[in-house]
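Q: I'd like to learn how to read burial and packing from a model. Can you walk me through it?

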Amino acid sequence: MASPAYEKILDVQALDLSLTQLRHRHANHPTRQTLSELNSEREQMMVVGAGINERHHDLERQRKRFEDEAALIKDRHEGINNKLYGGEVTASKELLALQDEAASLKEQQTGLEDQELELMEELDAVSSERSDHNGKLQSLDDRIGSSEQDLAGQLSELESEIVEVEANRLAAAGEADPSLLEQYEKLRPQYDGVTVARLTNGSCDGCHIQLSAVALDQLMKSAEDAVVTCEECGRMLVR
Ligand SMILES: [Zn+2]
């Protein structure tokens with residue numbers, strides 16, 4: 001059993017240790033990693049989505065061009081038909097030339113319409129690819145949303161715990177012996193959690209090295225709340 005003065009310092013140390021652990025859990029919460037993976041998956045999906053949109057856009061532009069060309073040729077074809085059947089042209093040579101041109105235009109128009117149909121099939125395929133992709137993106141966004149919500153809830157629980165432990169730490173420090181606390185604060189940055197070590201069977205439980213007989217003798221003779229440090233590691237020692 002440590003002296004009451006040291007018991008308070010050990011309380012402060014225990015609270016500091018749990019604060020370190022809570023802050024570590026806050027900073028390295030596993031859901032943060034999950035979210036970062038989901039977000040990079042999303043970034044990749046956005047690139048794929050942009051590619052699909054670009055293909056859709058290109059096909060739509062081509063289809064529109066074929067449609068416009070087909071409409072133009074159809075107009076010209078109609079114009080020629082009007083001449084052919086309007087009775088204005090009577091010379092057989094001219095009629096033959098117009099008939100040839102009409103046939104050629106008809107052929108071009110059919111060709112363009114066929115190409116437009118092919119493009120429309122491709123467009124349908126790309127459209128359904130796009131809607132599949134958007135569905136996947138939506139479900140990924142749902143997963144991201146619920147992970148964010150989970151994380152926020154869990155972090156807020158940790159934050160409340162941290163606030164509570166900080167308050168307890170403040171109270172414990174207020175009750176501790178000022179000179180022991182000052183020494184503890186001064187040494188703390190050098191040690192990983194254990195700044196105040198207990199003496200167990202003559203050895204320091206910070207570095208696990210047996211104290212010399214002289215050091216042990218001095219320790220036993222010193223006052224209960226005196227600042228005694230381990231001759232090996234320099235940690236504060238509690239009898
Ligand atoms: Zn030691």
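**Reading burial and packing**

A: Let's start with one residue. Leaving aside neighbours within four places in sequence, Thr-31 touches Ser-147, Leu-151 and Gln-154. Keep in mind that this is a predicted model.

Q: Where does Thr-31 sit, and is Thr-31 buried or exposed?

A: Thr-31 belongs to helix H2, residues 30-86. The idea is to look at relative accessibility: buried means under 20%. Thr-31 has 14%, so it counts as buried.

Q: Now a whole helix. Which residues of H4 are buried?

A: In H4, which spans residues 178-187, the buried ones are Leu-180, Leu-181, Gln-183, Tyr-184 and Leu-187. Because they cover an arc of only 160° around the axis, they lie on the same side of H4. Over on the other side, Pro-178, Glu-182 and Lys-186 are exposed.

Q: What covers the buried residues of H4?

A: The cover includes two helices, H1 (4-27) and H3 (92-175), as well as strands S1 (196-200) and S3 (236-238).

Q: And the strands: what order do they have in the sheet?

A: For a sheet, you read the strand order, then the pairing. Here the order is S2-S1-S3, in an open sheet of 3 strands with mixed pairing. S2 (203-204) and S3 are the edge strands, each pairing on one side only. Between S1 and S2 the pairing is antiparallel, over 2 bridges, and Leu-199 stands opposite Cys-204 in S2.

Q: Which strands does H1 touch when it packs on the sheet?

A: H1 touches S1 and S3, and its direction makes about 125° with that of S1.

Definitions and conventions
Residues numbered from 1 in each chain as written. Predicted model: local features only at pLDDT ≥ 70, side-chain atom pairs only at ≥ 80, totals over all residues. Heavy atoms only, no water. Buried < 20%, exposed > 50% of the residue type's maximum accessible area, 1.4 Å probe, protein only. Helix = DSSP H or I, 4+ residues; strand = E, 2+ residues; numbered from the N terminus. Arc of directions from axis to C-beta. Contact = heavy atoms within 4.5 Å. Pairing = 2+ DSSP bridges. Axes fitted to C-alpha atoms, helices over the stretch in contact; angles between N-to-C directions.
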